Amino acid sequence: MDYNKFSNPNQSGFRPGDSCIHQLLSITHDIHREFDANPTKEVRGLFLDISKAFDRVWHKGLLYKLKNFGIDGNLFYLIQSYLSDRYQRVTLNGQSSDWLPVEAGVPQGSILGPLLFLCYINDLPNGLLSNVKLFADDTALFSNVSSPIETSNILNNDLSRITDWAYQWKMLFNPDITKQAKEIIFKKK
């Protein structure tokens, strides 16, 4: 993905030579650059989390995206086989449910799972006007404030685009009250 420049450059999760610390330093640098601007600007940031992200990767959607990356032939069929014919059931107190097909999710604990997840969310930032930073399933949007109304419109429009993206690709941003979107205003004062 990196060699063919498929990877979103704002994604720091599961990438060799990148890390959470690298991303935090990058975000901090961007915020301080606005503090040092003349005139000084504030920065508004929104922080989002995808709910059960690895479990929600829709197999048909992932295969569609892989085809669009140009992955085909034996590699495509290998990945398709890796995702297909998976079943699950629940057993509780010796009672088991029926087996049901698994149509979403990438296997966790594998090396391929995170890579497939990154392929799936790679296009999330497309069309957004805010600065975007991704770390696996966490998304941060930043907008430099020249005009509070304009910044509010940009962030709200980007949130609307993200909501549309999530609906199209069967993802859900966290409804848990402890993990809901947070807005932070960074000021020099």
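**Cavity, pocket and side-chain contacts**

Mentor: In this predicted model, helix 1 (20-35) provides the largest share of the lining of the largest cavity, namely five residues. Strand 6 (131-135) and strand 7 each supply at least two residues of that lining as well, and the volume of the largest cavity is about 80 Å³.

Trainee: What makes this space a cavity and the other one a pocket?

Mentor: The space of about 80 Å³ is called a cavity because a 1.4 Å probe fits there but cannot get out, whereas a pocket is an open set of points. The largest pocket holds about 220 Å³, and among its 13 lining residues His59, Leu83, Ser84, Val102 and Glu103 lie nearest its centre. Helix 2 gives the most to this lining, with three residues.

Trainee: Which classes of residue make up the lining of the largest cavity?

Mentor: There are four nonpolar, two polar and four charged residues. Ile27, Val43 and Phe142 are among the residues that line the largest cavity, as are Arg33, Glu34 and Lys133.

Trainee: Phe142 is also part of an aromatic pair, so what makes its pairing with Phe47 edge-to-face?

Mentor: The whole structure has seven aromatic pairs. In this one the ring centres of Phe47 and Phe142 are 5.6 Å apart, with the planes at 85°; rings pair if their centres lie within 6.5 Å, and planes over 60 degrees apart count as edge-to-face, so the pair takes that name. Phe47 belongs to strand 1 (residues 42-49) and Phe142 to strand 7 (residues 138-145), so that the contact joins parts of the chain 95 residues apart.

Trainee: Why is Phe142 called buried and Phe47 partly exposed?

Mentor: Buried means under 20% relative accessible area, and partly exposed lies between that value and 50%. Phe142, at 6%, is therefore buried, while Phe47, at 28%, is therefore partly exposed.

Trainee: Why is the pair of Phe54 and Phe117 called stacked?

Mentor: Their planes stand at 15° with the centres 4.7 Å apart, and since planes under 30 degrees apart count as stacked, the pair is stacked. Phe54 sits in the loop between strand 1 and helix 2 (59-68), and Phe117 in helix 4 (residues 112-121), so the pair ties together parts 63 residues apart in sequence. Both Phe54 and Phe117 are buried.

Trainee: How do you know that Asp123 and Lys65 form a salt bridge?

Mentor: Their closest N and O atoms are 2.7 Å apart, and a salt bridge requires a side-chain nitrogen of Lys or Arg within 4 Å of a carboxyl oxygen of Asp or Glu, so the pair qualifies. Asp123 lies in the loop between helix 4 and strand 6 and Lys65 in helix 2, 58 residues apart. Lys65 counts as buried at 6% relative accessibility, whereas Asp123, at 23%, counts as partly exposed.

Trainee: Which residues are joined into one network by salt bridges that share partners?

Mentor: Asp30, Arg33, Glu34 and Lys133 form that network, and these residues also line the largest cavity.

Trainee: What makes Lys170 a charge over the ring of Trp58?

Mentor: The charged end of Lys170 is 4.8 Å from the ring centre of Trp58; the distance criterion is within 6 Å, together with a position within 35 degrees of the ring normal. Trp58 is also one of the members of an aromatic cluster, with Tyr64, Tyr120 and Trp169.

Note on methods
Residues numbered from 1 in each chain as written. Predicted model: local features only at pLDDT ≥ 70, side-chain atom pairs only at ≥ 80, totals over all residues. Heavy atoms only, no water. Phe/Tyr/Trp six-rings, centres within 6.5 Å; stacked < 30°, edge-to-face > 60°. Helix = DSSP H or I, 4+ residues; strand = E, 2+ residues; numbered from the N terminus. Buried < 20%, exposed > 50% of the residue type's maximum accessible area, 1.4 Å probe, protein only. 1 Å grid on protein atoms, 1.4 Å probe; cavity = no way out; pocket = protein on both sides within 12 Å on 5 of 7 lines; lining within 4 Å. Points joined across faces, edges and corners; volume = space filled by probe spheres on them. Nonpolar A, V, L, I, M, F, W, Y, C, P; charged D, E, K, R; others polar.
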